[in-house]
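User: I am new to this structure and would like to understand how its labels are earned. Could you take me through the reasoning step by step?

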Amino acid sequence: MDGWNKFQSSLAGLNLGQSANKLAKGFNTSVQATKERLGQVAVDEITELPQEYKDLEARVDNLRQVHLTLLRITKVYETETYDYPTQIQESISELGTTIGQGISNFAATNLRGTNLPVPPPATPPIAQHKTLPHALGRASTTAAATLQAATGGGDEKLGKALDTYSSAWEKIADARIEQDAAIKTQFLQPWQTTLSTSIAVAMKARQAVRVSRLELDSAKQVLKTTGPSKQETARLEVENAEDDLVQKTEVAITLMKAVLDNPEPLKNLNELAKAQLIYYATAAEALSTVQGEIEELSVAAEGEYR
């Protein structure tokens, strides 16, 4: 009996009227949105939002689109192999090497204590960076070694030139890794953070304004069609909805202004340009130095040939 009394008390404590009111308001709002989408509501019956709010909406939309557009392109810096020419072929070769190492290590571990010969554990190869500068540097080094071996280490001009060329690309390769790391931490991460925090919060506030505006216009429609006995209640609903829309609009305007005034995106863009400038300046300096040496070898070789 005590349990039943507690259950009745808990039911009495529930605000069923308020829950029903929320459900009804949500339903009316959905109906209002559907009617507007289908063109069943006259333009003059849709509450006009302040021009300042609409202007800020357009500017925030543009800012959001700018972030999405640049991120689509610059996210390539998160993947080291974005310019690597032989990625697929080497990946297949590395997969075979990895499987072979796994089999050797498994045998080395599980054949101990048996009469079968135990193979030594396989040591994985040193990981290599996979970028175009690294590929050019390694290819040039290999080519130089091949030519020098063929001439017995003599004065082979092309071999010397390739060796010099490879040294430049080794410097450029290091700069490339530093560039990508700087872009990821100084541009990509903060740029994405701005998009997912301050811009997202402003967009959420705008959605709250939209819902509030729909609730107001729905309440106005109810007021127009309700009977005399419920006129006062319906009128209060309209007034409350008006106050709610004003409050939410002011909040959204404040948040959108904060997003547009935020200097971080400009600062992040500067970091992107700076990282790229350092990389290309390093590349230009390295190639400029070795190009003069290669040109001397080229002129000498042409003179000897003629």
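User: Why does Glu 271 count as buried?

Analyst: This is a predicted model, and in it Glu 271 has a relative accessibility of 17%. Buried means under 20%, so Glu 271 counts as buried. Glu 271 is also one of the buried residues of H9, among them Leu 272, Ala 275 and Tyr 279.

User: What makes Glu 271 and Lys 274 a salt bridge?

Analyst: Their side chains meet at 3.5 Å, N to O, and the cut-off is 4 Å between a side-chain nitrogen of Lys or Arg and a carboxyl oxygen of Asp or Glu, so the pair qualifies as a salt bridge. Both residues lie in helix H9, three residues apart, about one turn of the helix. Lys 274, at 40% relative accessibility, counts as partly exposed, because that label covers values between 20% and 50%.

User: Which parts of the chain does the salt bridge of Arg 176 and Asp 83 link?

Analyst: The side chains of Arg 176 and Asp 83 meet at 2.9 Å, N to O. This pair links distant parts of the chain, with Arg 176 in helix H6 and Asp 83 in the loop between H3 and helix H4, 93 residues apart. Arg 176 counts as buried at 1% relative accessibility, whereas Asp 83, with a relative accessible area of 25%, is partly exposed.

User: Why are the rings of Tyr 77 and Tyr 82 called edge-to-face?

Analyst: A pair of aromatic rings is described by the distance of the centres and the angle of the planes. For Tyr 77 and Tyr 82 the centres are 5.5 Å apart and the planes stand at 80°; rings pair when their centres lie within 6.5 Å, and planes over 60 degrees apart count as edge-to-face, so both conditions are met. Tyr 77 counts as buried at 11% relative accessibility, while Tyr 82 is partly exposed, with a relative accessible area of 30%.

User: How do you know that Tyr 165 and Trp 169 are edge-to-face?

Analyst: Their ring centres lie 6.2 Å apart, with the planes at 70°, and the cut-offs are 6.5 Å for the centres and 60 degrees for the planes, so this pair is edge-to-face. Tyr 165 and Trp 169 both lie in helix H6, four residues apart, about one turn of the helix.

Technical notes: Residues are numbered from 1 along each chain as its sequence is written. Side-chain values use heavy atoms; hydrogens and water are left out. Buried means under 20% relative accessible area, exposed over 50%, partly exposed in between (1.4 Å probe, protein chains only). Helices (H or I, at least four residues) and strands (E, at least two) are DSSP runs, numbered from the N terminus. Rings of Phe, Tyr and Trp (its six-membered ring) pair if their centres lie within 6.5 Å; planes under 30 degrees apart count as stacked, over 60 as edge-to-face and the rest as tilted.
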